Amino acid sequence: RRSSDLSRHSSPAGLPIAGFVLLAAVTVFWGVNWPGMNIVLGEISPWWFRTICLAIGGGALLTISGLSGNRLRVPVSDLWPLLLCGVFNMIGWHLFSAYGLSFVPAGRASIIAFTMPVWAALASVPLLGERVSLPVIAGLVLGMAGMGVLIGHDIAVLGTAPVGSLLMLGAAVSWGIGTMLFKRFDWQTPIATIIGWQLLLASVPVGIGASLLEQPPDLMSLSTSAIIAFLYVLAFPMVFCQWAYFKIVRMFPAIYAAVGVMAVPIVGVWSSLIVLGEPVGWREILALLLVCSAIFTVLILPRLRWANPAAH
């Protein structure tokens, strides 16, 4: 059941301003999420951390959706797409990334994970029939160059942990495919309900993995900083950002939404400077410039050209 959303074929010039506002919010909140996760993962193991996030995030979204007057029952026509997208967007992403985080430091893991737009662009061709334009290709090249600059000095370290790197890469591929699948279907269910059920259902296999591989955490012994960071992760990245990102995917052509979140690791690095005191040098500055150039090329430049016909 293919999506009938005409925005899938629209140009950035015609994209709604509300989508850009949501994209900016997601970039900031997901970016600050990474130093927050660093704090929490210092006291809770990755698998249990993911299980708790999925269960509470899914339950909270369903509660909010229900209180907003939305139906929580998923019609039969949406059930198969929900399960299929959930396998990639939630189970694949969270299982690969949770296990990958046990091998690779969280900050560098986020950089590998946010190669997602490349895999999303590749998946958009067979799944959506989208044409990858030259600005999108240029944006992907600039964005990946930024990622390369940021991670270049850690290549030797990552090379010693190929399992972790491959798992994080698997998370990125799974998320990219899941994004395109979500865009493919014409949903009859409100987005908050869809994402809430996907998160809640994904908590089951991840929770089974946590039970088999790790001891349950002692939540009563968490430090004040870990509690504050955990509450932030649950409220913003797991509830607001999960809803907002897929709202953006519905509003924007999917590849534009994917490119838009390339700034998240950059925000993560700079927020780590503020929150954790991690150093920032020329690599971080150059990466920031390259990724901002990528987003400008894909999302902003076409709007400027459209607003100023004389520039054509």
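**Notebook: aromatic pairs, core and two buried residues**

I looked up W93 and W175 and found that both are buried, where buried means under 20% relative accessible area, exposed over 50% and partly exposed in between (1.4 Å probe, protein chains only). I note that this is a predicted model, in which local features need pLDDT of at least 70 and side-chain atom pairs count only at pLDDT 80 or more, while totals for chains, interfaces and linings use all residues. Residues are numbered from 1 along each chain as its sequence is written, and side-chain values use heavy atoms, with hydrogens and water left out.

**Aromatic pairs.** My search of the whole structure gave 14 aromatic pairs, counting rings of Phe, Tyr and Trp (its six-membered ring) with centres within 6.5 Å, and calling planes under 30 degrees apart stacked, over 60 edge-to-face and the rest tilted. The rings of W93 and W175 have centres 5.1 Å apart and planes at 50°, so I entered this pair as tilted. The pair links distant parts of the chain, since W93 lies in helix α3 (residues 76–100) and W175 in helix α8 (residues 162–184), 82 residues apart; helices here are DSSP runs of H or I with at least four residues, numbered from the N terminus. I then followed the ring pairs into a cluster that holds W30, W93, W175, F182, F185, W187, Y245 and F246.

**Core.** The largest nonpolar core has 85 residues, and I195, F230 and V261 have the most contacts inside it; such a core is a set of buried Ala, Val, Leu, Ile, Met, Phe, Trp, Tyr and Cys residues joined through side-chain atoms within 4.5 Å. Helix α10 (residues 224–251) gives the most to this core, with 15 residues. For I195, leaving aside residues up to four places away in sequence, I listed contacts (heavy atoms within 4.5 Å) with L61, M90, F182, Q242 and F246.

**T189.** I found T189 in the loop between α8 and α9 (191–213), and at 4% relative accessibility T189 counts as buried. Its side chain makes a polar contact of 2.6 Å with that of D78, the term covering N or O atoms within 3.5 Å, where within protein one must be able to donate a hydrogen and the other to accept it, and residues adjacent in sequence count only if both atoms are side-chain atoms.

**A202.** I placed A202 in helix α9, and its 1% relative accessibility counts as buried. The C-alpha atoms of A202 and V87 are separated by 7.7 Å, although the two residues are 115 residues apart along the chain.

How values were computed:
Helices (H or I, at least four residues) and strands (E, at least two) are DSSP runs, numbered from the N terminus.
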